[in-house]
Amino acid sequence: MAGEKTERATPKRKQDERKKGNVFLSQEVITIFTLLATFYSLKLMMPAAMRTLEESIKYFSTLASSTSELTYGELGKIFINLLIVFAKVAAVPLLVCGMVAIIATMFQTKMLFSAKAFSFKAERLSPMKGLKKIFSMRGFVELLKSLIKISIILYVIYSVIKGEIFLMPQMMHMTFGQSLTKTGSIIMSIVTKAGIVFIFVAGADYLYQWWQYEKNLRMSKQEIKDEYKQTEGDPKIKGQIRSMQQQRAKRRMMQSVPTADVVIKNPTHYAIAIKYDQNKNKAPRVIAKGIDSLALRIIAVAEENDVYVMENKPLARALFESADLDREIPESFYKAVAEVLAFVYSLKKKELK
C-alpha cells in the first residue's frame, strides 16, 4: 500500500524528531548503572560514614545527658550539626547517583536538551491513551521486563541467602560493627550478582528501544517524496525554473551577437561569437556560443547584423570546448584568434575606404 510505512526514516526526519525531544532512551541502562554506582560508592564510603555516625551518636548522647533546657539558638545549632552529619554520610552517594544518571542519559541522547519535551500535551491526560499504552506491545514488553527483573532478584537473593543462612545465627555473638560488616557483605554480594545479570538486561533493552524508535519513525514512500519536495523543491517546478533561466540566458546571448567582432563556425555544428574591447578586456571574450540549431541561429543573427562569419572547423570546435561564455578566451588561443581578428579588422578598413 502507498501509505504503508516501510522505509527507514530520513536524516531530516530524525533531526526534526530530535528537535522535539523524541530520541530513543533506555531507562534500564540509567537504572542499573545508577544503582551499581550508588551501592559501590556506599561501600567505599561506609568506613568513613560509620565513624561519622559513631561520633555523632556520642556527641548527641552527651548533649542529651548534659542539657536540661534547649533554646531556639541551641536547636538551630543541633539542626546544623544534623545537616553536616547527613552531608558527610549521604552527600557523596547522592552526588554519584545523580551524576551517573545524568551521564547515562546524556550519553544516550547525545547531550540533547529540548524544551518541547516538557511542553504540555493534552493527550497525556486522556484515559483512553493511557489504556492503549498499558495494553500495547510496549506495555507487554515493560511487564515482561519487570517480571524478569523480579525473578532475577528473587533467584539471586535465594542463592546468596542459601549459602549464608546457617551462619546468620552466629551474628548474634558479633559486635554491632561486625554484624553490620557481614550484612553489608551479603547485600553487596546480592548487588554484584544481580548487577551482572541486569547489565545484560539493560543491553537487551537498549537494543529493543533502538529498534522500537526506528520502527516508530518509519516513513511511507509518499512521505519521503513530500519531504524531498519540501527540502529540494518540486522536480517539475525546478525543471521549469531551470528551463526559463536557460531561455533568458539564450535571449541575452543572442542580443549580444550583433555586437561581436567575428563569429567562427564549423560550418553549421559550432558557432562562437568573439568580441574584443581593448579598453575593458585584456583578451578577446566569448559573448555567444552554441551547437547545431543554436549555432545556426547565432550565424543567422550575425549575418543579419553584418557581423563577419568565418569558417574555421578546428578553432571553432576547440573554442567551444575550452572557452567559457562571457569569459576571456584561454591564453593558448591568443595567437589564433588574434590572426582572425586582424583579418576581420583589415576587411573592415577596406570596406571603409
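Here is a short conversation about how some features of this predicted model get their names.

Me: What kind of model is this, and how are residues numbered?
Reply: This is a predicted model, where local features need pLDDT of at least 70 and side-chain atom pairs count only at pLDDT 80 or more, while totals for chains, interfaces and linings use all residues. Residues are numbered from 1 along each chain as its sequence is written, and side-chain values use heavy atoms, with hydrogens and water left out.

Me: Let's start with helix 1. What makes Lys12 and Asp16 a salt bridge?
Reply: A salt bridge is a side-chain nitrogen of Lys or Arg within 4 Å of a carboxyl oxygen of Asp or Glu. The N to O distance for Lys12 and Asp16 is 2.9 Å, so the pair meets that rule. Both residues lie in helix 1 (residues 11-19), 4 residues apart, about one turn of the helix. Helices are DSSP runs of H or I with at least four residues, strands are runs of E with at least two, and both are numbered from the N terminus.

Me: Why is Glu17 called buried?
Reply: Buried means under 20% relative accessible area, exposed means over 50%, and partly exposed is in between (1.4 Å probe, protein chains only). Glu17 has 11%, so it counts as buried. Its side chain meets that of Arg13 in a salt bridge at 3.6 Å, N to O.

Me: And in helix 2, is Lys58 buried or exposed?
Reply: At 53% relative accessibility, Lys58 counts as exposed. Its salt-bridge partner is Glu54, with the closest N and O atoms 3.7 Å apart. Glu54 has 45%, so it is partly exposed.

Me: How do you know that helix 3 has a kink, and where is it?
Reply: The bend at a residue is the angle between axes fitted to the seven residues ending there and the seven starting there. At Ala90 in helix 3 there is a kink of about 50°, shortly before the proline Pro93. Ala90 and Pro93 are among the buried residues of this helix. After helix 3 comes Lys110, whose phi is positive, near 55°.

Me: Which residues make the nonpolar surface patch?
Reply: Phe79, Ile80, Leu83 and Ile84 make a patch of about 380 Å². Patches are made of residues with over 30% relative accessible area and no salt bridge, with like charges joined within 9 Å and nonpolar side chains (Val, Leu, Ile, Met, Phe, Trp, Tyr) within 5 Å. Accessible areas come from the Shrake-Rupley method with a 1.4 Å probe, and for residues only the protein chains shown count as cover. Ile80 has 47% relative accessibility, so it counts as partly exposed.

Me: How many aromatic pairs are there, and why is the pair of Tyr208 and Trp211 called tilted?
Reply: There are 4 aromatic pairs. For Tyr208 and Trp211, the ring centres are 6.1 Å apart and the planes are at 35°, so the pair is tilted. Rings of Phe, Tyr and Trp (its six-membered ring) pair if their centres lie within 6.5 Å; planes under 30 degrees apart count as stacked, over 60 as edge-to-face and the rest as tilted. Both residues lie in helix 6 (residues 176-216).

Me: What makes Tyr270 and Phe320 edge-to-face?
Reply: Their planes are at 65° and their centres 5.2 Å apart, so this pair is edge-to-face. Tyr270 lies in strand 2 and Phe320 in helix 10, so the pair ties together parts that are 50 residues apart in sequence.
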